[in-house]
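Thanks for making time this morning. I would like to walk you through one structure, residue by residue and then helix by helix, and I will define the terms as they come up.

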Amino acid sequence: MKNEQTETLRTFLAIEIDNALIPKIINLQNEFKETNANIKYVSPENMHFTLKFFGEVDLDKLEAIKEVINKVIKKHNTFNLNIKGCGNFPKPNIIKVIWIGIENSEFMINLQKDLDKEFKKIGFRKEKNFISHLTIGRPRNQKEKEALKNIIKINKEIKIGTMKVNKIHLKKSTLTPRGPIYEDITIFDLNNE
């Protein structure tokens, strides 16, 4: 009987944000900082679009995840992502997450759907309502809610810019008191057209 604990990693699959677009995102964060809202902001090095959050996975499962990604990615070419718009989750009047979105990207949606379908085969739950977004901040309470709603409304159609997506990153997330630390496990290249 095995007594030792299996090592697990908190893991997710992501598209990293192009560094050239970070200053515009920081400018938007600064608008929120001008309120007295108690917000935990995402640092630039942690900004990403999540394709799939796996949670805690053991090393055997990690290998299966990599195999799935390698299989699916062969059918997908590099694509451009138009980053635009600001919103919040979960409801217009309850602000738990402030995010930046993308303009309809069928390439990203198809990539996510293909991956999700294959991940289901190895035991992961399918995403119900996948909404691609980049989290920029998480209010700790609803203080200054009206001011936040106003900034979100003003920036509803904000244009951040376009970036080329040619890689996806399988990452591990280490939770620390100062916030999560993300590190690449494997970087996968999309096909060049």
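Thr162 lies in strand S7, which covers residues 159-165; helices and strands here are DSSP runs, with H or I over at least four residues for a helix and E over at least two for a strand, numbered from the N terminus. This is a predicted model, in which local features need pLDDT of at least 70 and side-chain atom pairs count only at pLDDT 80 or more, while totals for chains, interfaces and linings use all residues. Residues are numbered from 1 along each chain as its sequence is written, and side-chain values use heavy atoms, with hydrogens and water left out.

Coming back to Thr162, its relative accessibility is 48%, so it counts as partly exposed; buried means under 20% relative accessible area, exposed over 50%, and partly exposed in between, with a 1.4 Å probe and protein chains only. Although Thr162 and Leu21 are 141 residues apart in sequence, their C-alpha atoms are 8.2 Å apart in space. Leaving out residues up to four places away in sequence, Thr162 touches Leu21, Asn80, Leu81 and Asn82, where contact means heavy atoms within 4.5 Å.

Let me turn to the interior. Which residues have the most contacts inside the largest nonpolar core? They are Ile17, Phe32, Ile69 and Ile168, in a core of 49 residues, and helix H2, residues 59-73, gives the largest share of this core, with six residues. A nonpolar core, to be exact, is a set of buried Ala, Val, Leu, Ile, Met, Phe, Trp, Tyr and Cys residues joined through side-chain atoms within 4.5 Å. Ile17 touches, beyond residues up to four places away in sequence, a set of residues including Ile22, Met47, Phe49, Ile83 and Met163.

Staying with H2, Ile65 is placed in this helix and, at 0% relative accessibility, counts as buried. Its contacts, again without residues up to four places away in sequence, are Phe54, Val57, Phe119, Ile122, Phe124 and Leu170; of these, Phe124 is 59 residues from Ile65 in sequence and 9.9 Å from it in space, C-alpha to C-alpha.

How does H2 meet its partner, helix H3, residues 106-121? The axes of H2 and H3 come within 10 Å and cross at roughly 140°. The contact is made by Ile65, Val68, Ile69, Lys71 and Val72 from H2, and by Asp114, Leu115, Glu118 and Phe119 from H3.

Just after H2, in the loop between H2 and strand S4 (79-91), we find His76, which is buried, with a relative accessible area of 9%. Apart from neighbours within four places in sequence, His76 is in contact with Asn110, Leu111, Asp114, Leu190 and Asn191.

Finally, two points of backbone geometry. Most residues other than glycine have a negative phi, and most peptide bonds are trans. The peptide bond from Phe89 to Pro90 is cis, with omega near 0°, and Pro90 is found in strand S4. Glu144 has a positive phi of about 65° although it is not a glycine; Glu144 sits in the loop between strand S6 (134-139) and helix H4 (145-154), and is partly exposed, with a relative accessible area of 32%.

Definitions and conventions:
Axes fitted to C-alpha atoms, helices over the stretch in contact; angles between N-to-C directions.
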